[in-house]
Amino acid sequence: QVQLVESGGGLVQPGGSLRLSCAASGFTFSRYAMNWYRQGPGKERELVAGLASAGGSNYADSVKDRFTISRDNAKNTVYLQMNSLKPDDTAVYYCNARRSLTNANYWGQGIQVTVSS
């Protein structure tokens, strides 16, 4: 019954912007840390951005100052605003919810982001 559903991906030109959304259901959203991961072609999955339930955030060095993670607990939704996109940002992006207290760890299906001219 737990669901994480990503939306907002697609094709964008270098230098453009996209905002990814992840709608969560089936768990107490506000108690979970929310994260965005990505996996590019031929690459390992990496953590892009994370947002703790208490509010602290962290970013991969490759995206800092370009991406912003945020959450709206009233809507059970986490966002990833992506600006100044580069071809290297091309990947499948995955929404992740984690609660260390219970070892809960949930994943969305992923959504494609392609940055190309």
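Select strands β4 and β5 (residues 46-51) of this predicted model. The two strands pair in the antiparallel sense over five bridges. Within this pairing, Trp36 stands opposite Ala49 in β5. Now move to the connection of the hairpin, where six residues lie between β4 and β5. Display the backbone of Gly42 there: this glycine takes a positive phi near 70°.

Keep β5 in view and add β6. These strands also form an antiparallel pair, with three bridges between them. Gly50 is found opposite Asn58 in β6. The hairpin of β5 and β6 has five residues between its strands, and Gly55 in this hairpin adopts a positive phi near 115°.

Next, select Arg38 and show its side chain. Arg38 lies in strand β4 (residues 33-39) and is buried, with a relative accessible area of 5%. Add Glu46, which forms a salt bridge with Arg38; the closest N and O atoms are 2.7 Å apart. Glu46 has 31% relative accessibility and therefore counts as partly exposed, given that this class lies between 20% and 50%.

Now add Asp89. Its side chain meets that of Arg38 in a salt bridge, at 2.9 Å from N to O. Asp89 belongs to the loop between β8 (77-82) and β9 (91-99), whereas Arg38 belongs to β4, so this pair ties together parts that are 51 residues apart in sequence. With a relative accessibility of 1%, Asp89 counts as buried.

Which further salt bridge does Asp89 form? Select Arg66: Asp89 and Arg66 form a salt bridge whose closest N and O atoms are 2.8 Å apart. This pair links distant parts of the chain, since Arg66 sits in the loop between β6 (57-59) and β7 (67-72), 23 residues from Asp89. Both Asp89 and Arg66 are buried. Display the four residues together: salt bridges with shared partners join Arg38, Glu46, Arg66 and Asp89 into one network. For the structure as a whole, the count comes to four salt bridges.

Turn next to the cysteines. A search of the whole structure finds one disulfide. Select Cys22 and Cys95, which form this bond with their sulfur atoms 2.1 Å apart. Viewed along the S-S bond, the torsion is about -85°, so the disulfide is left-handed. Cys22 is in strand β3 (residues 18-25) and Cys95 in strand β9, and the bond thus links parts of the chain 73 residues apart. Cys22 is buried, with a relative accessible area of 0%. Cys95 likewise counts as buried, at 0% relative accessibility.

From Cys22, extend the selection to the sheet that contains β3. This open sheet has four strands in the order β1-β3-β8-β7, with antiparallel pairing. Which strands form its edges? They are β1 (3-7) and β7, each of which pairs on one side only. On average, neighbouring strands of the sheet are turned by 15° against each other, direction ignored.

Finally, select β7 and β8 within that sheet. Six bridges connect this antiparallel pair. To locate one register point, display Asp72, whose bridge partner in β8 is Thr77.

Notes:
Residues are numbered from 1 along each chain as its sequence is written. This is a predicted model: local features need pLDDT of at least 70, side-chain atom pairs count only at pLDDT 80 or more; totals for chains, interfaces and linings use all residues. Side-chain values use heavy atoms; hydrogens and water are left out. Buried means under 20% relative accessible area, exposed over 50%, partly exposed in between (1.4 Å probe, protein chains only). A disulfide is a pair of cysteine sulfur atoms within 2.5 Å. Two strands pair if DSSP finds at least two bridges between them. Axes are lines fitted to C-alpha atoms, for helices over the stretch in contact, and angles run from 0 to 180 degrees between N-to-C directions.
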